[in-house]
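Here is a guided walk through one protein model, written for someone new to reading structures. Keep the 3D view open and look for each residue as it comes up.

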Amino acid sequence: MRRELPTPVSLIKGALHALPAQALRPGLRWVMRSMRRRHPGLFKRLTRLAPASILFEPDDIPHCFLLTIGTDDVRLTLAARQHPAAARIKGSLASLLYLMEGRIDSDTLFFSRDVAISGDTAVAVGFRNTLDGEAISLLGDALAAAGPLAAPGRRLVMRIDRRVEQIKARLERWRDAVHRAAHGGRDLAEEQDLLAADVVELRAGM
């Protein structure tokens, strides 16, 4: 696992839920420009896969991202889920970000089915292999373009992310307490297990 700046997944996820596409596009361009400056070798290696396109499909946010690889350019844009692409990589936003940054072994993600690949697997595998050995930190890359504001910006982002995590945990505890009160003290996981057992029994009966 890499030791670069932690990825503020909760903050990124919240922003992707809240912001419309037209507000996200400038941010994507900002990140890609910064990454080109910081990782020129990576972008040069990616062009060896051209022509290729990969659609990243996070299953927990409303947006998808299309990586278009040409012989002299690599672009990342927002795209619809039905957008055609040579390969598709689907999973939670956290899994896709950690895959991009190399924080989790890609084979582990694929075999655990946290990430699913469809379409031209050679393109997806080539993309994954190209990323190997490259120290990527999306937060560090995005903030690098801010110059002297990078350090205070980093502290602010991480502080907000921790606050979002705290609020999220508090809401989950409140939700579970309400559920237990409404269902005779059973917690949510127990209720899900009971419902799953009922589904299995109904299918067997059918």
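## Starting point: A87

Let's begin at A87, a residue of strand β4, which covers residues 87–91. Is A87 buried or exposed? Its relative accessibility is 0%, and buried means under 20%, so A87 counts as buried. Bear in mind as you look around that this is a predicted model.

Which residues does A87 touch, once those up to four places away in sequence are set aside? They are S53, I54, L55, S118, G119, D120, V123 and A124. One of these partners, V123, is 36 residues from A87 along the chain, yet the two C-alpha atoms are separated by 6.4 Å.

## The overall plan

Now step back to see the whole protein. Its secondary structure comes to 9 helices and 5 strands. Reading from the N terminus, the elements follow the order α-α-α-β-β-β-β-α-α-β-α-α-α-α.

The protein has 206 residues, and buried ones make up 33% of them. Among contacts with a separation of 6 or more, 66% are between residues 24 or more positions apart. The pair A87 and V123, 36 residues apart along the chain, shows what such a separation can look like.

## A nonpolar core

In soluble globular proteins, nonpolar side chains tend to be buried together. Here, the largest nonpolar core has 32 residues. Which of them have the most contacts inside the core? They are I54, F56, F65, L67, V74, I89 and F127.

Try clicking on I89. Without its neighbours within four places in sequence, I89 is in contact with I54, L55, F56, E57, L96, L99, V115, A116, I117 and A124. Two of these partners, L96 and L99, are among the buried residues of helix α4 (residues 93–101), as are L93, S95, L97 and E101. Just after α4 comes G102, with a positive phi of about 75°.

Another partner of I89 is E57, a residue of strand β1, residues 52–58. Is E57 buried or exposed? Its relative accessible area is 11%, so E57 is buried. Leaving out residues up to four places away in sequence, E57 touches C64, R81, R88, I89, K90, G91 and L96.

## Helix α6 and its two ends

Helix α6 spans residues 121–131, and its buried residues are V123, A124, G126, F127, R128, T130 and L131. V123 and A124 are also on the list of residues that A87 touches. At the start of α6, a side-chain oxygen of D120 reaches to within 3.0 Å of the backbone nitrogen of A122. Just after the helix, G133 takes a positive phi of about 85°.

An α-helix has 3.6 residues a turn, so residues three or four places apart point the same way. Within α6 you can find T130, where a polar atom of the side chain lies 2.7 Å from the backbone oxygen of G126. T130 counts as buried because its relative accessibility is 12%. Apart from neighbours within four places in sequence, T130 is in contact with L42, R45, L46 and L49.

## Across to helix α3

R45, one of the contacts of T130, belongs to helix α3, residues 40–46. R45 counts as partly exposed because its relative accessibility is 28%. Beyond residues up to four places away in sequence, R45 touches T130 and E134. Its side chain makes a polar contact of 2.8 Å with the side chain of E134. R45 and F127 are 82 residues apart in sequence, while their C-alpha atoms are 9.4 Å apart in space.

Follow the chain into the loop between α3 and β1 and you reach P51. The peptide bond from A50 to P51 is cis, with omega near -10°.

## The largest pocket

Finish with the largest pocket, which holds about 1000 Å³ of space. Of the 39 residues that line this pocket, I12, G27, L28, V31 and L138 are the closest to its centre.

Which helix gives the largest share of the lining? It is helix α2 (residues 21–38), with 9 residues. By class, the lining has 36 nonpolar, 2 polar and 1 charged residues.

Conventions. Residues numbered from 1 in each chain as written. Predicted model: local features only at pLDDT ≥ 70, side-chain atom pairs only at ≥ 80, totals over all residues. Heavy atoms only, no water. 1 Å grid on protein atoms, 1.4 Å probe; cavity = no way out; pocket = protein on both sides within 12 Å on 5 of 7 lines; lining within 4 Å. Points joined across faces, edges and corners; volume = space filled by probe spheres on them. Helix = DSSP H or I, 4+ residues; strand = E, 2+ residues; numbered from the N terminus. Nonpolar A, V, L, I, M, F, W, Y, C, P; charged D, E, K, R; others polar. Buried < 20%, exposed > 50% of the residue type's maximum accessible area, 1.4 Å probe, protein only. Polar contact = N/O pair within 3.5 Å; in protein donor to acceptor, adjacent residues only side chain to side chain. Core = buried A, V, L, I, M, F, W, Y, C linked by side-chain atoms within 4.5 Å. Contact = heavy atoms within 4.5 Å.
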